[in-house]
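Me: I am new to this structure and would like to go through it in questions and answers. Please show it first.

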Amino acid sequence: MSPELHLQMIDSRTTELRRAAADYRLARQAEAAEKRRSAGGRRRSLFGKIIPA
C-alpha cells in the first residue's frame, strides 16, 4: 500500500470517527435535556393530582 493511500485512509477514518463522536455527544446532550425537562413535568403532574384545580 502506498503511503499516500494509507494517509488518505487514515484521514477518512479519523473524519468518520469524529463525526460519530459528535453525533453520540449530541444524542447524550439531548437525552440529558429530556431527563431534566421530564423531571419537572412529573412534579407538576403529581401536585395536580394531589391538589385538584
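Me: Which residue forms a salt bridge with Glu34, and how many residues apart are the two in helix α1?
Reply: The model is predicted; local features need pLDDT of at least 70, side-chain atom pairs count only at pLDDT 80 or more, and totals for chains, interfaces and linings use all residues. Residues are numbered from 1 along each chain as its sequence is written, and side-chain values use heavy atoms, with hydrogens and water left out. Glu34 and Arg37 are separated by about one helical turn because they lie three residues apart in helix α1. The closest N and O atoms are 3.1 Å apart, and the partner of Glu34 in this salt bridge is Arg37.

Me: What counts as a salt bridge, and how many are there by this rule?
Reply: A side-chain nitrogen of Lys or Arg has to be within 4 Å of a carboxyl oxygen of Asp or Glu. One of the pairs is Glu34 with Arg37. By this rule the count of salt bridges is three.

Me: Is Arg37 buried or exposed?
Reply: Buried means under 20% relative accessible area, exposed over 50%, and partly exposed in between, with a 1.4 Å probe and protein chains only. Its partner Glu34 is partly exposed at 44%. Arg37 has 55% relative accessibility, so Arg37 counts as exposed.

Me: Which residue meets Glu31 in a salt bridge?
Reply: The N to O distance in this pair is 3.9 Å. The two residues are four apart in helix α1, which means a separation of about one helical turn. Glu31 is partly exposed at 41%, while its partner is exposed at 54%. That partner is Lys35.

Me: How far apart are the closest N and O atoms of Arg13 and Glu16?
Reply: Arg13 and Glu16 are three residues apart in helix α1, residues 3-50, so about one helical turn separates them. Arg13 is partly exposed, with a relative accessible area of 47%, and Glu16 is partly exposed as well, at 42%. The closest N and O atoms of this salt bridge are apart by 3.3 Å.

Me: How many helices and strands are in the chain?
Reply: Helices (H or I, at least four residues) and strands (E, at least two) are DSSP runs, numbered from the N terminus. Helix α1 covers residues 3-50. The chain has one helix and zero strands.

Me: Which backbone oxygen does the side chain of Thr15 reach?
Reply: Thr15 is in helix α1 and counts as partly exposed at 36% relative accessibility. Its side chain comes to 2.9 Å from a backbone oxygen, and that oxygen belongs to Asp11.

Me: What percentage of the residues of the chain count as buried?
Reply: The accessible surface of the chain comes to about 5,100 Å². Carbon and sulfur atoms hold 60% of that surface. The chain has 53 residues, and the share that counts as buried is 4%.

Technical notes. Accessible areas come from the Shrake-Rupley method with a 1.4 Å probe; for residues, only the protein chains shown count as cover. A polar contact is a pair of N or O atoms within 3.5 Å; within protein, one must be able to donate a hydrogen and the other to accept it, and residues adjacent in sequence count only if both atoms are side-chain atoms.
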